[in-house]
Amino acid sequence: MPVQPGPWPAHPFPSPAGPPPPAIAGDQGDRAGPAPVVAAVLVGLWIVGLTVVTQLGGWVTDQLLLLVGVDRLVWLWPVVTVAVVLLAGMPTLLLAVLPRSRVVRTVGQLWLVGLLVFGALSLPRALPPVQHEAYLATLAGTAGLATLIIHRLVAHRIAPRGPESESDRLRRRDPRPAPVTLFGLTGGLALLLPWVWVGALGGLLETLLAALAATAVGGLAATLLTGAFWSRRSADTPPRPGQLVLVDGLVAGVVLLLLGAGVGQSGAQLPLLLVLPPAGFALAALAAAARRTATGVGPATAGLVGLSVFGPLAWADPEEVSLVLADARDVPFWVAVATGAGLTVAVLLAIGYGVMLGRRPGARPSRLVAGVAAATLLVTTGAVAVGPGQPGLHGERLFAVLREQADLSGVPAATGRAGRDRRAAEVYQRLVETAERTQADLRRELRRFRLDHTPYYLVNAIEVDGGPLVRAWLADRPEVDRVLISQRVRPLPAPAPVARGDAAPPPGAEWNIRLIRADRVWSELGITGTGVTVGSSDSGVDGTHPGLAAGFRGGDDSWFDPWNATSAPRDRGGHGTHTLGSAVGRDGVGVAPGATWTGCVNLDRNLGNPALYLDCLQFMLAPFPVGGDPFRDGRPHRAPEILTNSWACPALEGCDPGALQPAVAALAAAGILVVVAAGNTGPRCRSIEDSPAFHPDVLTVGAVDRQRRVADFSSRGPGPDGGTKPDLVAPGAEVLSALPGGGYGALSGTSMATPQVAGVAALMWSANPALIGDLPRTRQILTETATAVQVNDDCGDPTQVAGAGLVDAYAAVRAARG
């Protein structure tokens, strides 16, 4: 039988009746002793170890930079890629040219081309993760170009096609897929199934491009592992087929490892490092069966590898394969589940195909069995997709910020409750009028194109469904200033567990309450925050918690949940219950236990986006009834006086530095005090860099521990504009507060410090209602009465670490009363 054409030089095989070929040293005329075999094994181990370590290390580096708030290193992945190609390529090149064994040289040549392909596929990883469509398109183009180059330059020049055999002619005339091809598709569907179960698709264009990229990568795998490669390690009736499948699977596994390492943004390639290499043994068994049936193995390879790659590319957002979400059963957990299931399936395929197709020299795969298996897996995959899977498309949206923002100059600076209400009404009216006027044409066009959209007024902006083409169209419109990506997390197969507290309520005021002397405000001054409302925008609130239930303001305009449309306060995360408890909770954990509260959900699974943050900030400026229209049904006179915000909107979530600046400026113009967490990316200087913490219109809070030392995690200033931040610090290390389910627990972070400053402001305004809305005087009192703390680093100026110092509730309330 003539050797199939392919990119590797062919050589004759011994007859089946002759002595069996060595496992890797070649045929009878190609024996070179054990040295080449040992060299090949060592080179293979070096390639595998280097690739796995660098890929995992690159992802960990990306994640650590993200956690400490440092911009991603654009050069990281190109440098890692070049290092792997050079360090692994040198010994592989020697393996490809030096050994006397032609088979060993062929293995070296194959791995060398695999390294070059890995390098080409990895370079697009320098694109920002948020530009996932661009990455997928580049990956598809790179894989397609690599396939064309290998096919043209190697296949045609090294191994020109010989005369067509009778079996080739018969195969060409039979339009039905070969059994080997069907078994390849069956294996690919089996490897895809875990991702269909636990993952979720992104947008339409993103999914189509993922399918295109996976198809291109599958074709590239078929070109690398062409029929000529398998032909040199098998024969029509190989004397030791199991041994040949094992050796071929090891060689192919290294190639597939390199291929998988180059596919996917940072994090998405990690599952492929585990799943693809075992599939090499399944492909080796399919190749052995293909030789016996005179059919090609290329379609089977393309189907198996392409479907395997399609899973993580389409059903997982690489930005969510992150340590940011690693605390609960979120995307990283389910990606690990899918990877473990895929690895199990790959091993079972390798064993099953090896036994069924590889170890039986005379066995010929049945088309009926292969067809039934492929059809069964196809139906099962579809059923899982629409059943226990997460059906539908869940891509990102666009956030178009308009050029004209409302002019709030000249708003009367009235104070007191009535004055604050008049200011809020004036601000609300101006914001809505500006948005209605400037958005009219754009909203009409969006309706004409049937693009789902949500208008906003607090920042004059519109959130829109759409991909790169819609983004380009929006950016070109004269009324649009810029277009941001409004990130959307994909749904999970099961809700993440809610953080619950197992501690009992404290017997008295907690250490943090005593440290800022809030307990003396209650006992000596008789002030608890009565008459003031604090608004919380966070993961939600457990409205049934005994420490919080009595403080809920009530009515039809005190709760808003744009995430899950709940009609009563609830918390699916726990963070919001804890932070609000530190502001207004009873049982000795809240600074202003007599104040009332309202709530809004702007976080889910510890993530948000510009639109969802605005949903809550708009609700706080002008609350509206359930199902109401924020533009027409807002009630600014019902706005809470003080807002506590233990969140930030970094670039990862779609914000740029100015995205929320008009919002906090408008709230300040309305006389609403906005208290914001500094962030937890210390002790690095200049780490207060995410909106809204660095804006001058907000009161930014850092954290200290029990010894009045600024916590290492507390973010430092100055802000991007050079302004002094934080403004104050408050206790934030191991702070006990309420958690869902009625219990209590301790958490750390500037998130825990922030609501305590909001609570102190509530005590001040409760003690002197004339201060309500007087933001300059309130800020002055808080900073002038703050006390010194221990600063171990100065970042050039101690105030850039601790601001004015530790908030002192007792001194601030006394100063507020005059």
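Which residue does Asp727 meet in a salt bridge? Select Asp727 and look for Lys725: their side chains pair up at 2.9 Å, N to O. Keep in mind as you click around that this is a predicted model.

**Stop one: around Asp727**

Stay on Asp727 for a moment. Its relative accessibility is 13%, so Asp727 counts as buried. Lys725 counts as buried too, at 3%. Now add Arg779 to your selection. Asp727 also forms a salt bridge with Arg779, and here the closest N and O atoms are 3.2 Å apart. Color the two by where they sit: Asp727 is in the loop between β12 (699–704) and β13 (728–731), while Arg779 belongs to helix α22 (residues 775–784), so this pair ties together parts that lie 52 residues apart in sequence. Arg779 is partly exposed, with a relative accessible area of 25%.

**Stop two: more charged pairs**

Next, pick Asp629 and Arg632. They form a salt bridge, with 3.0 Å between the closest N and O atoms. Turn on a surface here: Asp629 is partly exposed at 26%, whereas Arg632 counts as exposed at 59%.

Then select Arg397, Asp452, Glu463, Asp465 and Arg488 together, because side chains of opposite charge can pair when their charged atoms come close. These residues, Arg397, Asp452, Glu463, Asp465 and Arg488, are linked in a network of salt bridges. The structure holds 31 salt bridges, so there's plenty left to explore.

**Stop three: the disulfides**

How many disulfides does the structure hold? There are 3.

Start with Cys600 and Cys616, joined S to S at 2.0 Å. The torsion about their S-S bond is about -80 degrees, so this disulfide is left-handed. It links distant parts of the chain: Cys600 is in strand β9 (residues 596–601) and Cys616 is in helix α19 (residues 610–621), 16 residues apart. Both Cys600 and Cys616 are buried.

Hop over to Cys649 and Cys655, whose sulfur atoms are 2.0 Å apart in a disulfide. With a torsion of about 90 degrees, the disulfide of Cys649 and Cys655 is right-handed. Cys649 is buried at 2%, and Cys655 is buried at 6%.

Finish with Cys685 and Cys795, joined S to S at 1.9 Å. Cys685 lies in the loop between β11 (673–677) and β12, and Cys795 in the loop between α22 and α23 (799–802), so the pair ties together parts 110 residues apart in sequence. Their torsion is about -85 degrees, so this disulfide is left-handed. Cys685 counts as partly exposed at 35%, but Cys795 counts as buried at 17%.

Key: Residues are numbered from 1 along each chain as its sequence is written. This is a predicted model: local features need pLDDT of at least 70, side-chain atom pairs count only at pLDDT 80 or more; totals for chains, interfaces and linings use all residues. Side-chain values use heavy atoms; hydrogens and water are left out. A salt bridge is a side-chain nitrogen of Lys or Arg within 4 Å of a carboxyl oxygen of Asp or Glu. Buried means under 20% relative accessible area, exposed over 50%, partly exposed in between (1.4 Å probe, protein chains only). Helices (H or I, at least four residues) and strands (E, at least two) are DSSP runs, numbered from the N terminus. A disulfide is a pair of cysteine sulfur atoms within 2.5 Å.
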